[in-house]
Amino acid sequence: MESSAKVSKYDTIPPEQVRVSIDSEKEPPFCVHETTAASGPRLSEETPTGDKPKKRKEFDNDLGEEDTPSKKRKFDVEIVSEEKRSADNEGISKKRKLETDDVSKDEPSTGSAIQKKRKRGLEDVPEKQKTLEEGHSSAVAAHYNELQEVGLEKRSQSRIFYLRNFNNWIKSILIGEFLEKIRQRKNRDITVLDLGCGKGGDLLKWRKGRISRLVCADIADVSMKQCQQRYEDMRCRRDHEYLFNAEFITADCSKELLAEKFHDPEMRFDMCSCQFACHYSFESLEQADMMLRNACGRLNPGGYFIGTTPNSFELIRLEASETESFGNEIYTVKFQKKGNYPLFGCKYDFNLEGVVDVPEFLVYFPLLTEMAKRYNMKLIYKKTFLEFYEEKIKNNENKMLLKRMQALEPYPASDNSKLASEKVGDYAHAAEYMKSSQVRLPLGTLSKSEWEATSEYHSPS
């Protein structure tokens, strides 16, 4: 779609100029899949819209709600999408057995000892079952159940207000583009499974996408009640606007088969979305496989599994430093066993300013891709958040959405407001760009600390 002249004024800084600034200040430079300084700051030129109030406004309701804490993560999540193949496509059988040896040559751990240990573990599943039932999943559920619901005004004062909006923009573009791909094949009766839906931060995205039916599933019962209440509120205030039908399932998606809980036992989906959540299932092979079975087992041929997940290669690279943990003022990561990276159960502690403080598990992406083949899936798209941003910001409609969602912070701050970060040098990249270029103020950017946080994620499909 063509953009208005106003949108064309919202320009982006050349990525290579930003990378020079970051590389000169941080050693070693952040990189994701050999992309130098992936966490480096990005700037956009933002058209002035008058005096900015002291309190930051939440983005427009018609663009999607701010994500819940369970969906807010640190780094350059890869945007990943997988496509469902027909049963006979490329000769792959639905009953194809996953051979973990197929990926052992690429695993980031040492030697074959881990492979043997994992195989012994698979033979001892009954004995481990009780431990799994009382394991990490309950801690995750308790963490998100205990998080208090806060109003828009308080969220707008958060240190990571713009980072959260930026992550939400990533998801909005991702979901919108793959719904459009589905509409190229069918224009009605689109069904979606939102796996690990949290408090329902994507409900408005599904409404905007004009889907027909949504199934929301999450392990946290309090979050599910809040998600259902949000949906009921949408129904009450929709003013005759079309709204999809929905059902809500409280379940551990890494241990329970969701198909047994559907209202319609024959329910099938055109898309499954799992945002910032699938890494919790990599506590064990059994749990990761159950997550994939739930995500992909009921997809129609040609359907999509999309999501965002932490970048294991970047996490391991940074963890290899001499310090016990790494991060900055808004996030920290600490592996519980330094130097040992098994394919499953590789736990690390993650803390994100004010919203997340719970252990997670490393997701070795080649392993995830290989396991998905068992459900006739093939990888069709995979980008880091940085790569995704640089690709999508070229579209003026996406650029307008970025601005409307307040996904970048205005720099410099207006007279009656202040910057999100008070850390010295956190906006040096923006100041340097202003000196070297003829730009329209204010710029749109994130603090250096926030750009570093985004560098740990990717988005696969």
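Student: In this predicted model, Gly196 lies in the loop between which two elements?
Tutor: Gly196 belongs to a loop rather than to a helix or strand. In this predicted model, that loop joins β5 (191–195) and α9 (203–208).

Student: Is Gly196 buried or exposed?
Tutor: The relative accessibility of Gly196 is 14%. Residues under 20% are classed as buried. Therefore Gly196 counts as buried.

Student: Which residues does the UniProt annotation "binding site" cover?
Tutor: The annotation comes from an unreviewed UniProt entry. Gly196 is one of the residues listed there. The complete list in that record is Lys171, Gly196, Asp218, Asp252, Gln275 and Tyr280.

Student: Where is Asp252 placed, and is Asp252 buried or exposed?
Tutor: Asp252 sits in the loop between β7 (245–250) and β8. Its relative accessibility is 11%, and the limit for a buried residue is under 20%. Asp252 therefore counts as buried.

Student: With which side chain does the side chain of Asp252 make a polar contact?
Tutor: The contact joins two side chains at 2.7 Å. The partner of Asp252 is Ser254.

Student: Why does the length of helix α10 agree with the expected span?
Tutor: Helix α10 runs over residues 221–236, which makes 16 residues. At 1.5 Å a residue, the helix should span 22 Å. The C-alpha atoms at its ends agree with this, because they are 23 Å apart.

Student: Where around α10 do its buried residues lie?
Tutor: The buried residues of α10 are Ser223, Met224, Cys227, Arg230, Tyr231 and Met234. They cover an arc of only 120 degrees around the axis. Therefore they lie on the same side of α10.

Student: Which exposed residues does the face turned away from the buried side of α10 carry?
Tutor: This face is the one turned away from the buried side of the helix. Its exposed residues are Lys225 and Cys236.

Student: What is notable about the phi of Phe276, and is Phe276 buried or exposed?
Tutor: Most residues other than glycine have a negative phi. Phe276 is not a glycine, yet its phi is positive, at about 55 degrees. Phe276 is placed in the loop between β8 (269–275) and α11 (285–296). With a relative accessibility of 0%, Phe276 counts as buried.

Student: What is the phi of Asn376, and where does this residue lie?
Tutor: At 1% relative accessibility, Asn376 counts as buried. Its place is in the loop between α13 (365–372) and β14 (377–384). Although Asn376 is not a glycine, its phi is positive, at about 60 degrees.

Student: Is the peptide bond from Tyr411 to Pro412 cis or trans?
Tutor: Most peptide bonds are trans. Pro412 lies in the loop between β15 (409–411) and α16 (428–436). The omega of the bond from Tyr411 to Pro412 is near 0 degrees, and the bond is cis.

Student: Is the peptide bond from Leu441 to Pro442 cis or trans?
Tutor: Pro442 is found in the loop between α16 and β16 (443–445). The omega of the bond from Leu441 to Pro442 is near 0 degrees. This peptide bond is cis.

Student: How many helices and strands does the protein chain have, and what share of its residues is buried?
Tutor: The chain has 17 helices and 17 strands. Of its 461 residues, the buried share is 57%.

Definitions and conventions. Residues are numbered from 1 along each chain as its sequence is written. This is a predicted model: local features need pLDDT of at least 70, side-chain atom pairs count only at pLDDT 80 or more; totals for chains, interfaces and linings use all residues. Side-chain values use heavy atoms; hydrogens and water are left out. Helices (H or I, at least four residues) and strands (E, at least two) are DSSP runs, numbered from the N terminus. Buried means under 20% relative accessible area, exposed over 50%, partly exposed in between (1.4 Å probe, protein chains only). The expected span of a helix is 1.5 Å times one less than its number of residues. The arc is that of the directions from the helix axis to the C-beta atoms. UniProt positions are given in the numbering used here, feature names are shortened, and annotations may be inferred rather than shown by experiment. A polar contact is a pair of N or O atoms within 3.5 Å; within protein, one must be able to donate a hydrogen and the other to accept it, and residues adjacent in sequence count only if both atoms are side-chain atoms.
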